[in-house]
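Colleague: I'm new to this one and would love a close look at a single part of it. Could you walk me through the part I ask about below?

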Amino acid sequence: ELDDRYGPRPMQVDNLFEYARLRREASPMGILSVDYEQGMLMLKFSDRARINHEQLLAWVTTNPQVSFSPSGLFKYPVKSANNAEFFAQIHTVLAK
């Protein structure tokens, strides 16, 4: 509907919508924030987050770039050539 009214959206607007979808998907899992900095996806978990502890332990022990701190901050490397691939990787991490 936005395209019909205002024309094609800039890529930045699409990215903003996709980020909002990610946050909406993450919230029911107990993820308080979804951030990206220097090639790392950073998820901040609440104390009551639904976490698959076995999977988390496997990620941390098999990949030296993955970390999980006692404060609930999960860091996972995300590399992509374009925005669609970037967001797809983040959705995959959230699904696991």
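Which residues does I31 touch, not counting residues up to four places away in sequence? And please tell me about the core around that residue, too.

Modeller: Happy to, and one thing up front: this is a predicted model. Leaving out residues up to four places away in sequence, I31 touches A26, L43, K44, F45 and L94. I31 also belongs to the largest nonpolar core, which has 19 residues. Along with L41, L43, F74, I90 and L94, I31 is among the members that touch the most other members. So two of the names you just heard, L43 and L94, turn up again in that group.

Where do the core residues come from? Helix α2 (11–26), strands β1 (31–37) and β2 (40–45), and helices α3 (53–62) and α4 (83–95) each put in at least two. The biggest giver is α4, with five residues.

To place those elements, step back to the whole chain for a moment. There are four helices and four strands, and reading along the sequence you get α-α-β-β-α-β-β-α. Of the 96 residues in the chain, 28% are buried. Take the contacts between residues at least 6 apart in sequence, and 44% of them join residues at least 24 apart.

Helix α2 has another residue to look at, E18. E18 counts as buried because its relative accessible area is 15%, under the 20% cut-off. Again setting aside residues up to four places away in sequence, E18 touches F87 and H91.

For contrast, try Q38, in the loop between β1 and β2. Q38 is exposed, because its relative accessible area is 76%, and the cut-off for that is over 50%. The phi of Q38 is near 50°, a positive value in a residue other than glycine.

One last stop is the largest pocket, which holds about 200 Å³ of space. It is lined by 14 residues, and F45, R50, N52, V93 and K96 are the closest to its centre. You've met F45 already, as one of the residues that I31 touches. Elements β2, α3 and α4 each supply at least two residues of the lining, and the largest share, three residues, comes from α3. By class, the lining has 10 nonpolar, two polar and two charged residues.

Notes
Residues are numbered from 1 along each chain as its sequence is written. This is a predicted model: local features need pLDDT of at least 70, side-chain atom pairs count only at pLDDT 80 or more; totals for chains, interfaces and linings use all residues. Side-chain values use heavy atoms; hydrogens and water are left out. A nonpolar core is a set of buried Ala, Val, Leu, Ile, Met, Phe, Trp, Tyr and Cys residues joined through side-chain atoms within 4.5 Å. Buried means under 20% relative accessible area, exposed over 50%, partly exposed in between (1.4 Å probe, protein chains only). Contact means heavy atoms within 4.5 Å. On a 1 Å grid over the protein atoms alone, a cavity is a set of points where a 1.4 Å probe fits but cannot get out, and a pocket is an open set with protein on both sides within 12 Å along at least five of seven lines; lining residues have an atom within 4 Å of a point. Grid points are joined across faces, edges and corners, and a volume is the space filled by probe spheres set on the points. Ala, Val, Leu, Ile, Met, Phe, Trp, Tyr, Cys and Pro count as nonpolar, Asp, Glu, Lys and Arg as charged, and the others, Gly among them, as polar.
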